[in-house]
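Hi,

Here is the structure I promised to pass on. Have a look when you get a minute, and my notes are underneath.

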Amino acid sequence: EIYSKLVKHRIVNWITLLSMMAFVSAYSVGFGPMTWLVLSEIFPAAVRGRAFAFTNCFNWAAHLIVTFTFLNVIDTLGLSWTFLLYGMTGVLAVVFIYLLLPETKGKSLEEIDKELSGKRSY
């Protein structure tokens, strides 16, 4: 019986490790670089550096908030509801990207700037 518990424990450890590796790999080719790719294309050249710095600070502040509130959210909502909340946030992000971000494949930064210049609100 001890041997079977040990084997089950080792299997669960391997499944956990492989799941984490799959998540990190998927994030690295999906949402991970999306922030940096979009930021490098949507701002006009005149303000790109300052805008990139501001949005980078905002991005890290959001990460910090999620990190500091994660355990409190689990205590309040429970583990399943917390991950459902994070999962739904990911789904909303995909919908936002699909519906609101323009396609920039094969376009130069000047072409993208010209296309977006009519949509700016400043």
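Below is what turned up when I went through it.

First, a caveat: this is a predicted model.

The surface is where I'd start. There is a nonpolar patch made up of L77, W81, L84, L85, M88, V91, V95, F96, Y98, L99 and L100. Together these residues have about 1,200 Å² of accessible area. Helix 4, which covers residues 79-100, is the biggest contributor, giving 10 residues to the patch.

F96 is one of the patch members, and it sits in helix 4. Its relative accessible area is 44%. That makes F96 partly exposed, because the partly exposed class runs between the under 20% of buried residues and the over 50% of exposed ones.

Next, the other end of the chain numbering. S4 belongs to helix 1, residues 2-29. S4 has a relative accessibility of 36%, so it also counts as partly exposed. If you want a feel for distances, try S4 against A53: they are 49 residues apart along the chain, and their C-alpha atoms are separated by 54 Å.

Last, T55, which you'll find in helix 3 (residues 48-77). A polar atom of the T55 side chain lies 3.1 Å from the backbone oxygen of F52. And what does T55 contact once its neighbours within four places in sequence are left aside? The answer is L39 and F43.

That's it from me. Shout if anything is unclear.

Cheers

Definitions and conventions:
Residues are numbered from 1 along each chain as its sequence is written. This is a predicted model: local features need pLDDT of at least 70, side-chain atom pairs count only at pLDDT 80 or more; totals for chains, interfaces and linings use all residues. Side-chain values use heavy atoms; hydrogens and water are left out. Patches are made of residues with over 30% relative accessible area and no salt bridge: like charges are joined within 9 Å, nonpolar side chains (Val, Leu, Ile, Met, Phe, Trp, Tyr) within 5 Å. Accessible areas come from the Shrake-Rupley method with a 1.4 Å probe; for residues, only the protein chains shown count as cover. A salt bridge is a side-chain nitrogen of Lys or Arg within 4 Å of a carboxyl oxygen of Asp or Glu. Helices (H or I, at least four residues) and strands (E, at least two) are DSSP runs, numbered from the N terminus. Buried means under 20% relative accessible area, exposed over 50%, partly exposed in between (1.4 Å probe, protein chains only). A polar contact is a pair of N or O atoms within 3.5 Å; within protein, one must be able to donate a hydrogen and the other to accept it, and residues adjacent in sequence count only if both atoms are side-chain atoms. Contact means heavy atoms within 4.5 Å.
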